[in-house]
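Here are some notes for a colleague who has not yet looked at this structure. Each point takes up one part of it.

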Amino acid sequence: MAAIEMKNIVKQYGDGFPAVNDVSIDVEDGEFLILVGPSGCGKSTLLRMIVGLEDITDGDMMIGGKKVNDLAPRDRNLSMVFQNYALYPHLTVYENIAFPLRLANKSDSEVDEKVREASKTLELDEHLERKPGNLSGGQRQRVAMGRAIVRDAEAFLFDEPLSNLDAKLRGQMRTEISRLQKRLGITTVYVTHDQTEAMTLGDRVAVLKRGVLQQHATPRELYENPANLFVAGFIGSPPMNFLPAKVDGNRVELPFGTVTIPEERAAKAQGKGLLIAGIRPDHFEDASVVDADKVTDEATFKATVDVVEWLGNEAYAYIPFEAPDEVREQLTQLEKDLDGESLRTQLVVSLDGASRIAEGDEATIWVDARKIHLFDPATGENLTIDSDNAGIIPGGNAMAKAEEVGHAQDEVKPASDQATT
Amino acid sequence: MAGNTSGKTAVGTWIGFALIMLWCLFPVAWIISLSFKSEGETAAGSAQFLPKEPTFDNYKAIIDNPDFTRALINSFGISLIATLLSVIFATLAAYAIARLEFKGKRLVLSLALAIAMFPVVALVGPLFDMWTTFGLFNTWPGLVIPYMSFTLPLAIWTLSAFFREIPWEMEQAAQVDGATSWQAFRKVIVPLAAPGVFTAAILTFFFAWNEFVLAISLTSTTSSRTVPAQMSFFVGPDPFNPPYAQLATASVIVTLPVIVIVLLFQRKIVAGLTSGAVKG
């Protein structure tokens with residue numbers, strides 16, 4: 001087991017495509033780190049550089065305090081689970097798991113002992129003599145994990161291991177991976193584009209955009225104190241609402257009305273003109289189900305609900321609004337960066353399951369004004385961030401830098417669709 | 001109604017099948033029957049299909065014929081060596097073509113294809129001259145080398161197609177698991193490409209086994225003459241009346257190994273070996 005340190009890692013492909021740009025991330029010994037970002041953000045490339053399948057253009061890759069830039073994959077002693085499992089189809093499950101041990105010339109008795117142990121952990125005992133072709137997706141996934149845990153590797157690397165499974169199995173395997181990692185206490189780097197996996201699995205999460213690190217923090221810090229518009233929009237489901245806002249003193253003017261925000265937050269956002277306010281759907285509530293003492297005119301507004309999706313424990317209400325042109329462009333671009341397509345500007349509000357608001361109603365909505373974030377539309381920066389609780393935010397403007405890199409990438413490969421996402 | 005239609009289809013299929021089998025196998029059956037006829041019977045110009053008095057004399061005669069057994073040994077030796085070398089070289093070359101980016105890759109591939117299309121006969125003259133100069137005329141290597149050069153292109157094309165089908169991840173996984181590039185190739189890629197390797201081997205072996213033009217032109221004695229060439233020397237005492245029964249017997253004997261090899265390798269060629277490697 002070992003810590004992994006990435007120092008100013010750069011990856012530029014032969015054709016000049018800048019896939020990873022000056023990324024520095026420390027993974028502590030035994031930590032579960034998630035690399036997350038939309039497709040083409042360089043997260044898989046970064047993982048493959050850790051394991052040694054991609055050359056490092058610049059920067060230092062340290063594993064256990066040792067520089068490994070020029071070591072072949074087999075000399076790094078890491079184990080990896082591939083997105084499509086990459087099991088050896090001509091070998092039985094037993095031999096698949098035993099493969100790394102056989103290469104290390106371990107004695108038959110030791111191989112047997114370790115394989116049995118791994119197969120017991122992963123409940124593969126009854127499948128040992130079968131070939132991978134006869135296994136289900138979840139079983140293949142477990143064999144791939146068995147091959148990873150069977151030897152004493154310095155760290156585990158996962159490349160979107162659950163993306164080929166159906167939703168139910170994905171949930172189960174997620175818990176399984178988490179449990180296994182906690183039990184073995186081994187350093188783990190896990191790549192995913194799914195923010196739910198990122199939030200639930202990671203001790204810390206590194207958010208990447210276009211090969212530029214945006215923020216490296218715990219899931220809670222990312223959720224409560226996103227560094228910029230990109231992180232704010234990426235983390236959380238349904239995503240954060242972005243509304244045009246004008247700040248006057250500690251009063252924030254939103255399309256639906258005016259709310260009062262705490263002084264110290266307002267102070268950071270003075271004199272900036274038109275801003276973007278970010279409010280999580282769950283920071284809204286149906287005023288009729290909120291404690292009466294919290295409901296004041298300053299914290300509520302009236303709006304006509306377009307669509308309601310009731311899920312039992314909660315409901316999502318959609319309220320369309322018109323965004324001024326100054327912020328519309330920024331919001332459209334953001335939506336594109338997040339792999340989405342915005343059809344209209346609308347507010348998503350998460351309501352309590354007990355709420356009786358129906359489609360077409362004019363509802364009174366309460367908003368938790370203390371949790372509103374304000375973003376600078378020009379740079380995307382979060383003006384109201386609580387820096388002490390926001391993990392590591394790279395210096396400079398990460399979002400603008402990613403934008404620059406994006407243009408450079410588009411020049412090399414227009415509308416780039418990277419092979420390894 | 002549906003059962004009726006499918007019944008009719010089945011009958012049609014079987015009739016067609018029988019016709020094709022008859023068309024293909026009748027000459028074979030004729031040769032087998034001929035090999036059991038006595039010399040007198042074939043010389044008399046008999047036209048009946050089954051031999052009147054079946055006899056093993058032809059087989060005894062041909063096995064006792066030292067020229068024929070010697071040719072059989074030559075055929076086996078030359079074909080096996082050519083196949084082995086051709087498959088080894090083709091595997092390495094095809095792997096490089098499938099996996100590596102290097103300058104002149106397209107040139108190598110198109111050149112290989114051009115060689116495969118080149119008529120063998122056109123090379124007989126130059127080869128004869130070269131081989132007599134180099135002292136390769138009438139030797140095993142003298143046949144092995146041209147056989148390899150004619151079968152390599154096809155083997156390379158077949159194998160590189162197989163290698164391209166094998167996902168990169170297989171190899172990368174092996175390397176992460178601690179394999180050197182060579183170990184990854186030998187323990188993962190080659191077993192997965194086995195169907196391709198066997199296909200290439202069979203094609204090469206058959207080419208070398210059946211080849212006639214080079215075999216007759218580049219040999220002068222039984223020390224390296226292969227069976228197809230040797231058979232053309234079975235003229236018998238009367239040039240207008242070749243020993244058909246003996247020729248037929250020799251044909252049957254040289255065909256046997258081919259059939260055996262096909263049956264053996266057929267089991268090895270398991271399609272879909274890679275299924276389950278990655279999510280299909």
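**Notes on the model**

1. The model is predicted. The points below go from single helices to the contact between chains, then to a sheet, and end with some backbone details.

2. Helix H1 of chain A covers residues 43-51, and 9 of its 9 residues are buried, so the helix is largely enclosed by the rest of the structure. The buried set begins with Lys43(A), Ser44(A) and Thr45(A), continues through Leu46(A), Leu47(A) and Arg48(A), and finishes with Met49(A), Ile50(A) and Val51(A). Just after H1(A) comes Gly52(A), whose phi is positive, at about 100°.

3. In chain A, helix H2 (residues 93-103) packs with helix H3 (residues 108-121); the angle is about 130° and the axes are 10 Å apart. Because angles from 115 to 145 degrees count as oblique, H2(A) is oblique to H3(A). The crossing of H2(A) past H3(A) is right-handed.

4. Which residues make this contact? On the H2(A) side they are Tyr94(A), Ile97(A), Ala98(A), Leu101(A) and Arg102(A). H3(A) contributes Val111(A), Lys114(A), Val115(A), Ala118(A) and Ser119(A). By type, the residues of the contact of H2(A) with H3(A) are 7 nonpolar, 1 polar and 2 charged.

5. Between the chains, 26 residues of chain A are in contact with 22 residues of chain B. On the side of chain A that touches chain B, at least two residues each come from strand E6 (78-81), H2 and helix H4 (137-149) of chain A. That side of chain A divides into 16 nonpolar, 7 polar and 3 charged residues.

6. Chain A has an open sheet of 5 strands in the order E13-E12-E11-E14-E21, with antiparallel pairing. Strand E13 (257-260) and strand E21 (373-375) of chain A stand at the edges; each has a single partner strand, so one side of each is left without a neighbour in the sheet. On average, and with direction ignored, neighbouring strands of this sheet are turned by 40° against each other.

7. Within the sheet, strand E11 (residues 241-248) and strand E12 (residues 251-254) of chain A pair in the antiparallel sense over 3 bridges. Asp248(A) has Arg251(A) in E12(A) as its bridge partner. Helix H10 (residues 325-337) of chain A packs on the sheet, where H10 touches E11 and strand E14 (274-279) of chain A. The direction of H10 makes about 50° with that of E14(A).

8. Some backbone details deserve a check. Most residues other than glycine have a negative phi, and most peptide bonds are trans. The peptide bond from Ser237(A) to Pro238(A) is cis, with omega near -10°. Pro238(A) is placed in the loop between helix H8 (229-234) and E11 of chain A.

9. Glu160(A) is not a glycine, and its phi is positive, near 40°. Its place is the loop between strand E7 (155-159) and helix H5 (167-184) of chain A. Is Glu160(A) buried or exposed? Glu160(A) is buried, because 21 other C-beta atoms lie within 10 Å.

10. Chain B has a residue to set beside it. Asn138(B), also not a glycine, takes a positive phi of about 60°. Asn138(B) sits in the loop between helix H6 (120-134) and helix H7 (140-165) of chain B. With 17 other C-beta atoms within 10 Å, Asn138(B) is partly exposed.

Technical notes. Residues are numbered from 1 along each chain as its sequence is written. Chains are lettered from A and ligands numbered from 1 in the order in which they are written. This is a predicted model: local features need pLDDT of at least 70, side-chain atom pairs count only at pLDDT 80 or more; totals for chains, interfaces and linings use all residues. A residue is buried if 20 or more other C-beta atoms lie within 10 Å of its own, exposed if 12 or fewer, and partly exposed in between; C-beta atoms are placed from the backbone. Helices (H or I, at least four residues) and strands (E, at least two) are DSSP runs, numbered from the N terminus. Axes are lines fitted to C-alpha atoms, for helices over the stretch in contact, and angles run from 0 to 180 degrees between N-to-C directions. Angles under 35 degrees count as roughly parallel, over 145 as roughly antiparallel, 65 to 115 as roughly perpendicular and the rest as oblique. A crossing is left-handed if the near helix is turned anticlockwise from the far one by less than a right angle, and right-handed if clockwise. Two residues are in contact if their C-beta atoms, placed from the backbone, lie within 7 Å. Ala, Val, Leu, Ile, Met, Phe, Trp, Tyr, Cys and Pro count as nonpolar, Asp, Glu, Lys and Arg as charged, and the others, Gly among them, as polar. Two strands pair if DSSP finds at least two bridges between them.
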